[in-house]
Every structure is written in structure tokens, then in C-alpha cells.
Amino acid sequence: GHIPKAKLSSWCRRRRPLEEQFKAHNIGEVLLTATSRRLNLPPNDADNSSNYYKKEADVDHEHIHILEGLTSNFFVIYPNGKLRTANSGVLEGYARDIVVSCAERCGLQVEVDDKHPIKLSDAPLWEEAFITSSVSIIKPIEYIYIPARSCDDSQSNPSRFVDGDSLHLLWTAKDHSENNGDSKNDSQSKWKAIYREIMKVG
């Protein structure tokens with residue numbers, strides 16, 4: 001029979017340090033990333049993170065892709081109504097599938113394939129960002145931060161950020177609206193249109 005994709009129970013233990021480290025900054029969710037190179041590695045090699053991160057210490061934002069949250073899937077609205085979410089390296093959640101289906105009925109162009117990753121370097125293009133889960137269905141994102149890395153830290157393990165490291169503001173929904181002269185209110189947001197469509201379907 002068909003075996004659904006799922007995270008191992010050990011994932012709950014592995015994610016706890018990330019929750020303790022970053023949610024202490026009043027962060028609602030922690031987004032996971034991978035480089036384009038890592039996504040192409042065989043699973044056993046990809047799990048060998050200690051050696052991998054040393055090789056990828058100086059990777060730039062062009063090659064870093066956002067995958068998903070610790071307990072959610074991550075979506076972004078690009079210009080011209082293009083909706084993206086990661087295709088590889090993620091758990092295809094129930095809410096994720098519903099959002100993809102309803103987004104198409106809302107007239108959005110859904111791009112869920114490895115040719116259209118969500119790159120950190122694309123942040124200035126993002127019109128909206130939201131996460132999905134079976135608990136909240138859709139939750140809009142107001143701010144996205146990334147850990148600031150010092151030059152000295154690039155010689156060590158860039159996957160490790162000690163207490164006291166600052167967070168760099170990558171993207172805000174407010175700044176995007178102001179920079180583009182967008183005066184639409186919350187009820188006109190594309191994420192809200194998707195949510196209304198989901199509620200109609202039931």
C-alpha cells in the first residue's frame with residue numbers, strides 16, 4: 001500500500017534546540033533552509049552536516065532556498081500572482097495540498113517544482129508570505145529574520161549561532177506594501193482570498 005511521507009519521531013528532539021534558540025527572540029516559527037547543492041546530494045551525504053557546512057560556509061543568498069517551517073509549510077506570493085512553495089526536501093502537509101488546490105481556483109499561478117525554488121535573494125520580490133499547518137491552515141507572516149553572521153564565524157560552523165547573535169531583518173510585509181505604493185487592506189490580500197476559498201470548500 002501507499003506509505004505517506006512523514007518525519008521520524010526523532011525530529012521532535014532534533015528541532016528542540018532550534019526552537020529554544022530562536023523562539024526565545026519572540027519568533028513565531030523557524031524556517032529551514034538548504035543550499036541548491038545540498039538539495040542535489042544523496043540522503044546519506046546530506047545528513048553529514050558537519051563536513052557539509054564547512055564546504056558551504058561562504059554560500060550566498062542566491063543559492064540558499066527556504067524549504068519549510070519546523071511545524072509548517074512556507075509559501076510566498078511573487079509578482080503577477082505567482083505562488084511558490086518548496087517541492088523537494090519538505091513534508092507535503094495536508095494544509096499545503098489544500099492551499100495549492102484552492103490557490104489555482106483563486107487565479108494564482110502555482111509554481112511547485114524544483115525549477116522555481118524560494119531563494120533568499122528573491123526577498124525584495126516577495127509580495128506576501130505565509131505558513132500553513134493543520135492547526136491554523138494559513139497564517140500570514142509580517143517579518144522574516146535571518147541570523148547575522150560575523151566574518152570570523154564563517155571560518156567555523158555557520159549552522160551554529162550562539163546566544164547573543166543578532167538577527168538581520170530580511171523581509172517585512174509592511175515595507176513591501178509601502179515601497180510598492182500598495183494600499184490594499186488585509187481583506188484584499190491573496191492569502192486571505194485563498195483562505196476564503198478553503199472555507200467555502202469546507
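A disulfide is taken here as a pair of cysteine sulfur atoms within 2.5 Å, and by this criterion the structure holds zero disulfides. The model is a predicted one, in which local features need pLDDT of at least 70 and side-chain atom pairs count only at pLDDT 80 or more, whereas totals for chains, interfaces and linings use all residues. Residues are numbered from 1 along each chain as its sequence is written, and side-chain values rest on heavy atoms, with hydrogens and water left out.

Cys102 takes part in no disulfide, the nearest cysteine sulfur, that of Cys106, being 6.7 Å away, which is too far for a bond. With burial defined as under 20% relative accessible area, exposure as over 50% and partial exposure as the range in between (1.4 Å probe, protein chains only), Cys102 is buried at 2%, while Cys106 is partly exposed at 31%.

Nonpolar cores were delineated as sets of buried Ala, Val, Leu, Ile, Met, Phe, Trp, Tyr and Cys residues joined through side-chain atoms within 4.5 Å. In the largest of these, which has 16 residues, Phe74, Trp126, Ile144, Leu170 and Trp171 touch the most other members. At least two residues of this core are supplied by each of strands E2 (64-69), E3 (73-78), E6, E8 (143-147) and E9 (167-172), where helices (H or I, at least four residues) and strands (E, at least two) are DSSP runs numbered from the N terminus. The largest share, three residues, comes from E3. Another core, of 14 residues, lies apart from it and includes Val99, Cys102, Leu108 and Ile194.

Ile194 is also one of the buried residues of helix H7, together with Trp191, Glu197 and Ile198. Seen down the axis of H7, the buried residues fall within an arc of 120°, so they line one face of the helix; the arc is that of the directions from the helix axis to the C-beta atoms. These residues pack against strand E4 (82-85), helix H5 (94-105), strand E6 (128-133) and strand E7 (137-140), contact meaning heavy atoms within 4.5 Å. Just after H7, Gly202 adopts a positive phi of about 80°.

Asn73, which lies in strand E3, counts as buried at 6% relative accessibility. A polar atom of the Asn73 side chain lies 3.0 Å from the backbone oxygen of Leu91, and a polar atom of that side chain lies 3.5 Å from the backbone nitrogen of Gly93. Not counting residues up to four places away in sequence, Asn73 touches Glu68, Val90, Leu91, Gly93, Arg96, Phe130, Ile131 and Thr132.

Definitions and conventions: Polar contact = N/O pair within 3.5 Å; in protein donor to acceptor, adjacent residues only side chain to side chain.
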